[in-house]
Amino acid sequence: YGNELSPSGFYNIISIKKHSPIRLNKKFVYNYDGDVIFQKQDVYKITFSRDGKYSKIDGYMFINKNDYAIVYMFYELGKIDKWIAATSKGNGIVFSNLEKCRIEVEYEKHMNGYILSDGNINMKFNRTNKKQKLSENTYEVALKYKSNLANQSSLIYCKIDDLFKKR
């Protein structure tokens, strides 16, 4: 991309604490929307929304009735004009404008806690200068937990940002 969007930014959806409806919970309005069945679990459905200064966020989550863990969350950000600004040779100031952003995560019980089992980020944005639209871009990342590794103790771990560094 002409403007930098961090390729490692997708890992923010792994931890439930990183999601804005949890991290900024005092700025959201939450409503109980009834009981439902999700993945063979009895859950509470909670809807939430926030009218922020730059964008609106709407979504819902499922909370396990037995241990009150969040097992699913879905939310969308509204349009954000002039989201990122950068200078570009020949184009002057170029703005990245977020057209839509959809985030969906699912957590499952594992050992003593919950882990991310599925996650998806879908973003659509465009780049404009004062005169014209320069490009349209999409950013989609899907994560899935896979537990069928034979010998997990033999794995080599590295920092997520190191995956994207040029060698």
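## Met61 and its surroundings

Leaving out residues up to four places away in sequence, Met61 touches Ile22, Tyr30, Tyr44, Lys45, Ile46, Phe48, Ile70, Tyr72 and Met73. These contacts belong to a predicted model, in which Met61 and Met73 are the residues with the most contacts inside the largest nonpolar core, a set of 23 residues. At least two residues of this core come from each of β2 (41–51), β3 (56–64), β4 (70–77), β6 (92–110), β7 (113–128) and β8 (133–144), and β6 gives the most, with 5 residues.

A second core, separate from that one, has 6 residues, among them Val43, Phe62, Tyr72 and Phe74. As a general background to such groupings, nonpolar side chains in soluble globular proteins tend to be buried together.

## The chain as a whole

The protein chain contains 1 helix and 8 strands, and from the N terminus on these elements follow the order α-β-β-β-β-β-β-β-β. Of its 167 residues, 33% are buried, while the chain exposes about 11500 Å², with carbon and sulfur atoms supplying 50% of that area. When contacts between residues at least 6 apart in sequence are considered, 45% of them join residues at least 24 apart.

## Strand pairing around β6

Strand β6 runs antiparallel to β4, to which 6 bridges join it, and in this pairing Tyr72 stands opposite Glu106 of β6. Strand β5, which covers residues 80–88, also pairs with β6 in the antiparallel sense, over 6 bridges, and here Ile84 has Ser96 in β6 as its bridge partner. The two strands β5 and β6 form a hairpin with 3 residues between them, and in its turn Gly90 has a positive phi of about 90 degrees.

The pairing of β6 with β7 is likewise antiparallel and extends over 15 bridges, with Ile115 in β7 serving as the bridge partner of Glu108. In the hairpin that these two strands make, 2 residues lie between the strands, and Met111 takes a positive phi near 55 degrees.

## Ser55 in a loop

Is Ser55, which lies in the loop between β2 and β3, buried or exposed? Its relative accessibility is 15%, and because buried means under 20%, Ser55 counts as buried.

Apart from neighbours within four places in sequence, Ser55 is in contact with Arg50, Leu77, Gly78, Lys79 and Ile80. With one of these residues there is also a polar contact, since the side chain of Ser55 reaches the backbone nitrogen of Gly78 at 3.1 Å.

Conventions: Residues numbered from 1 in each chain as written. Predicted model: local features only at pLDDT ≥ 70, side-chain atom pairs only at ≥ 80, totals over all residues. Heavy atoms only, no water. Helix = DSSP H or I, 4+ residues; strand = E, 2+ residues; numbered from the N terminus. Buried < 20%, exposed > 50% of the residue type's maximum accessible area, 1.4 Å probe, protein only. Contact = heavy atoms within 4.5 Å. Areas by Shrake-Rupley, 256 points an atom, 1.4 Å probe, with all protein chains shown as cover. Core = buried A, V, L, I, M, F, W, Y, C linked by side-chain atoms within 4.5 Å. Polar contact = N/O pair within 3.5 Å; in protein donor to acceptor, adjacent residues only side chain to side chain. Pairing = 2+ DSSP bridges.
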